[in-house]
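Visitor: I would like to go through this model and ask what stands behind the terms used for it.
Guide: Here it is; ask as you go.

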Number of protein chains: 4
Amino acid sequence: MPPPAADPDFEARTRASFARQAAMATLGITLERVAPGEVELALPHRPDLTQQHGFLHAGVVSTALDSACGYAAFTLMPADAAVLTIEFKVNLLAPARGPVLRVLGQVVKAGRTISVVDARAWRRAPGTGEDQLVATMTATVMTVLGRGLAG
Amino acid sequence: MPPPAADPDFEARTRASFARQAAMATLGITLERVAPGEVELALPHRPDLTQQHGFLHAGVVSTALDSACGYAAFTLMPADAAVLTIEFKVNLLAPARGPVLRVLGQVVKAGRTISVVDARAWRRAPGTGEDQLVATMTATVMTVLGRGLAG
Amino acid sequence: MPPPAADPDFEARTRASFARQAAMATLGITLERVAPGEVELALPHRPDLTQQHGFLHAGVVSTALDSACGYAAFTLMPADAAVLTIEFKVNLLAPARGPVLRVLGQVVKAGRTISVVDARAWRRAPGTGEDQLVATMTATVMTVLGRGLAG
Amino acid sequence: MPPPAADPDFEARTRASFARQAAMATLGITLERVAPGEVELALPHRPDLTQQHGFLHAGVVSTALDSACGYAAFTLMPADAAVLTIEFKVNLLAPARGPVLRVLGQVVKAGRTISVVDARAWRRAPGTGEDQLVATMTATVMTVLGRGLAG
C-alpha cells in the first residue's frame, strides 16, 4: 500500500499537470481516475496511430503507460515537486486492438528521490466480457524539487 | 557487424513497411536511411507532442526508438517475415528539446527467431555543433513467419 | 490466472531441473514451493555473497529472481521443453539485508513460445513482523523444444 | 567520451571498493582494468556456478555485469561518494560457455545524481580467435553522498 498523498490537493494538481501534456490531447489519451499512488487512463484505438499491421503502435501504448506511471507517482509528491521519468521497460503481450485500452499505473515503492511504478494496459475483448492484458511497464521516476519545473 | 541482408530488396521492403505505419506520418517521424542491420529516423519537435514541461513526451521519443529498432532488425529478415517487438527498455538521458532528434537503430545480435537491437536518439545542440544524447533503447524483437503478417 | 500445467508431473519435473542448477546449491538458494505458474525460493543472507556495504550483491538477488521466473514458467511447459531466459529487468528497492529473502515468481502471460514472468524478493524485517519489498524482476523466457536441452 | 575522473585517486579507490565486495572473490570475478568511466572484469567458468544445462547461470553473469556498471560509474564520482544500483536490464545473447567471460562496463552518461552505464560480456571462442557476445546490460546507478556509505 502506498503512503498517503503528502499534498491534500493531489488530485487537482495531477489533473492540472496532465492537462498541460499536449501529447495526451493529440493522442486522445484521457485521465479517468486519480487516487493516492494510482491513476487510470483511457486510450481509444485510432487508425492514424497504428503500426504496419493495424494495431496501435507500441510507442503510443508506451506513451499512455509512461504517463500513467509518472502521474501515479506524482500523486504522492509534495505540492512543489516535478516528476521526471528516468527509465522504463515495456513488455508487449498481445496486439493492441481496440476499441479502447485501459491503462492503470500503481506505485510499487515511493521514495524520497526515486520511485518505482508499475503500469498495465488491457482491453475488454468485445463480445466476451473478458479483459486481455496487452502490455506492462515498470518505470523509475524521480522527484525533482527546486528546478523551476513544478508540475 | 551484422550479417548481410538475406533479402536483396531489403531497402524497398523496409521503406514500404515503414510507409504503412500510420503512426509515423501522424507523429512526423521520417525514415532517413536504410542499411543492413541499421536504420536512421528523424523526429522533429512539435508543440502538440510535448509533456508538461514543453519537451517531447518520452513516449513519443520511444515510438521513434521502437520503429528504429524494429526496422533495423527487419532489414536482415527474409522477404516473407514480419517483425514483432516483444519488449524494450528506454533510458532518458536529457530533455527532448528540438529542433529535431535523430534516431539510429542498430542490430546487436540477429537471431533466427529473436534479435536484439539498440537505438539511440540525439540532438544537435543549436549553436554548438555538438551532439547531445537524449535517450537510448534496447529492444528484443521476433521474426514471425507464416502468420499472414508479412511486412 | 495462468492456464493449468500441461504436464501433470510439473512439480517433480521442476524440482528435478532446479536440483541440476549447481549455482543454487552454491549460493544457498532453495526451492520452497511449486505451483502451476508460480514458484517460491528462499535466499538466506551470507557474508561471502555481499557487496561493499555488507548487503547481498544485487547480482546474487537477481540470480534467485531469475530462477524464480524461469521455473514459474517451466511449471506450465510441456514435459519435453527446456526454458531459456531471453532478458530480464531488475529494480532494487531496498538494501538486501538478512536474515533471509523470500523470492516469488509468477507467470504474467504464458505463451506458446514466449512467456512473461514477474518476480519479487522481500524480507521479513526482524522484530516488526512486516514484509519489506527488496527487489522486483520482469523476465521474458522462451520455451525451447527439440534442441536436446530438456529440463 | 566520459568526463575526466573528478578524483585523481579513482583507480586505487575503485580497486579498494571492489576488494570489499565479498561476492566477487566467492564467484571468482576479478578486476582486470580501471580507466575513467570504464572497468573490465574477468569471470572464469566454474561448474558450481552453472544452470541446468551446464552454462554459467544468467544471474552469475549479471553479477559481473552489475559490478562492471557500478564501478565504471564509480571511477567518475567524488572521493566521498558511494554508488548504488537503482535498476538494470540484461539481454542474454548466447550460452555462457567457458573458459572465461570478459566483462566491460562503460559509462554512457555521467550525471550528478543519476548515471547510465552499459556493459557487455563476451567470450573468446576457443580455436577460432573470434569474440562472441554473450550478454549485455544497461544499468542506472546513483551517486550517494553523506549517508556514511563511502566506497
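**Contacts, sheet and exposure**

Guide: In this predicted model, 30 residues of chain A are in contact with 30 residues of chain B.

Visitor: What makes two residues count as in contact here?
Guide: Their C-beta atoms, placed from the backbone, lie within 7 Å.

Visitor: Which elements of chain A supply the side that touches chain B?
Guide: Helix 1 (10-20), helix 2 (22-27), helix 3 (58-74) and strand 3 (82-92) of chain A supply at least two residues each. The largest share, 8 residues, comes from strand 3 of chain A. By class, that side of chain A has 11 nonpolar, 14 polar and 5 charged residues.

Visitor: How do you know that strand 3 of chain A pairs with strand 3 of chain B?
Guide: Pairing requires at least two bridges between the strands. Strand 3 of chain A and strand 3 (residues 82-92) of chain B are joined by 5 bridges, so they pair, and they run antiparallel. N91(A) stands opposite E87(B) in strand 3 of chain B.

Visitor: In what order do the strands of the sheet follow one another?
Guide: The 12 strands form an open sheet in the order 1(A)-2(A)-4(A)-5(A)-6(A)-3(A)-3(B)-6(B)-5(B)-4(B)-2(B)-1(B), with antiparallel pairing.

Visitor: Why are strand 1 of chain A and strand 1 of chain B called edge strands?
Guide: Strand 1 (30-35) of chain A and strand 1 (30-35) of chain B each pair on one side only. Direction ignored, neighbouring strands of this sheet are turned by 25° against each other on average.

Visitor: How many bridges join strand 2 of chain B to strand 4 of chain B?
Guide: There are 7 bridges between strand 2 (residues 38-44) and strand 4 (residues 100-109) of chain B, which run antiparallel. Within this pair, V39(B) stands opposite G105(B).

Visitor: Which strands does helix 1 of chain A lie across?
Guide: Helix 1 of chain A lies across strand 1 and strand 2 (38-44) of chain A, at about 160° to strand 1 of chain A. Helix 3 of chain A packs on the sheet, and the strands it touches include strand 3 of chain B.

Visitor: What does chain D contribute to its contact with chain B?
Guide: The contact takes 10 residues from chain D and 10 residues from chain B. On the chain D side, the largest share, 4 residues, comes from strand 6 of chain D.

Visitor: Why is R20(C) called partly exposed?
Guide: R20(C) has 13 other C-beta atoms within 10 Å. Buried would need 20 or more, and exposed 12 or fewer, so R20(C) is partly exposed. R20(C) lies in the loop between helix 1 (10-19) and helix 2 (22-27) of chain C.

Conventions: Residues numbered from 1 in each chain as written. Chains lettered and ligands numbered in written order. Predicted model: local features only at pLDDT ≥ 70, side-chain atom pairs only at ≥ 80, totals over all residues. Nonpolar A, V, L, I, M, F, W, Y, C, P; charged D, E, K, R; others polar. Axes fitted to C-alpha atoms, helices over the stretch in contact; angles between N-to-C directions.
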